[in-house]
Amino acid sequence: MSESLLDPSDTFATLCTTVGLDVRLRKALSRLGYVRPTLVQSRSLPLAVTSGRDLLVRARTGSGKTLAYLLPLVHKILALKSDGVAGSNRNGDDDDDDDDDDDDAVTGETRRYGGMLGIVPDGILGAFRCRGGVDELAIGPRRGLMRLCIEEGATVLAAWFFGTTDMLTVVQDPFGIMEWASRKMQAGMMGFYGRWGMPVPRRIPVSLCVAPYKCQKMDNPTKEDVEMVHNAVYGGLNKIYNEQKIYAGYPDRTLHIS
């Protein structure tokens, strides 16, 4: 039924042209292999980008809702960044100021527009792989996020919340069937429990460690550039994790980034 409602001529390239979606997003989508929007994306994106109104959208899990709401959000941030902010122009090029001026511009932009985006890079996979005494950050071969950060010259704040993995216990499947099903269906198929054996989070103190990294802006970063930034960002997170875990109350815990 949903396929019959889709216009076969709709592509992300045509959507970018018809609704004015930022060309950098179109390039990023093309690199990540996105060609045609799903039904929820093709119906909601034109309204979200052009109407300036809030939308309430309902669709099944795995239908592409996340991309449908993130694209207009990132589009808005890019538009605000290009709208006369110090250190940027309409083409997204930075002025040739020193590092201090760049940091001031980023700070001022964040205060003025709230230009900060939080992303969970490992999705549900890390939840399956966390085990006693080990926190897992499952990134895999994906590097699209780091590439975007380099192209935008972003300041990356890699962070870990101590205590969150202790709030609920994920039922581990020794055969990996639940993990396989979750990845196949693009939805979390897992059991979990907390207080009283119910899905109620335990009362656990939560503390945060942050490893900042300022990306050098490049229009066309190579694979080597992207890998270098990836290692710097997550290597910095691992370092600050090990330095601060004793103060968070987890002296014997380790962070495994895979």
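A polar contact is a pair of N or O atoms within 3.5 Å, of which, within protein, one must be able to donate a hydrogen and the other to accept it. The views below show a predicted model.

**View 1. A polar contact of Q41 with the backbone of T38.** The side chain of Q41 reaches the backbone nitrogen of T38 at 2.9 Å, and this pair falls within the 3.5 Å limit. Q41 itself lies in helix α4, which spans residues 39-50.

**View 2. The surroundings of Q41 in helix α4.** Q41 counts as buried because its relative accessibility is 4%, where the limit for buried is under 20%. Leaving aside residues up to four places away in sequence, Q41 touches F12, P46, G64, L67 and A68.

**View 3. Helix α8 and the residue that follows.** Helix α8 comprises residues 144-152, and M146, R147, C149, I150, E151 and E152 are buried in this helix. Just after α8, G153 adopts a positive phi of about 65 degrees.

**View 4. I150 and its contacts.** I150, a residue of helix α8, has a relative accessible area of 1% and is therefore buried. Apart from residues up to four places away in sequence, I150 touches C215, Q216, K217, M218, P221, D225, V226 and V229.

**View 5. The pair I150 and Q216.** These two residues are separated by 66 residues in sequence, yet their C-alpha atoms are 6.2 Å apart in space. Q216 is also among the residues that I150 touches.

Terms used
Residues are numbered from 1 along each chain as its sequence is written. This is a predicted model: local features need pLDDT of at least 70, side-chain atom pairs count only at pLDDT 80 or more; totals for chains, interfaces and linings use all residues. Side-chain values use heavy atoms; hydrogens and water are left out. Buried means under 20% relative accessible area, exposed over 50%, partly exposed in between (1.4 Å probe, protein chains only). Helices (H or I, at least four residues) and strands (E, at least two) are DSSP runs, numbered from the N terminus. Contact means heavy atoms within 4.5 Å.
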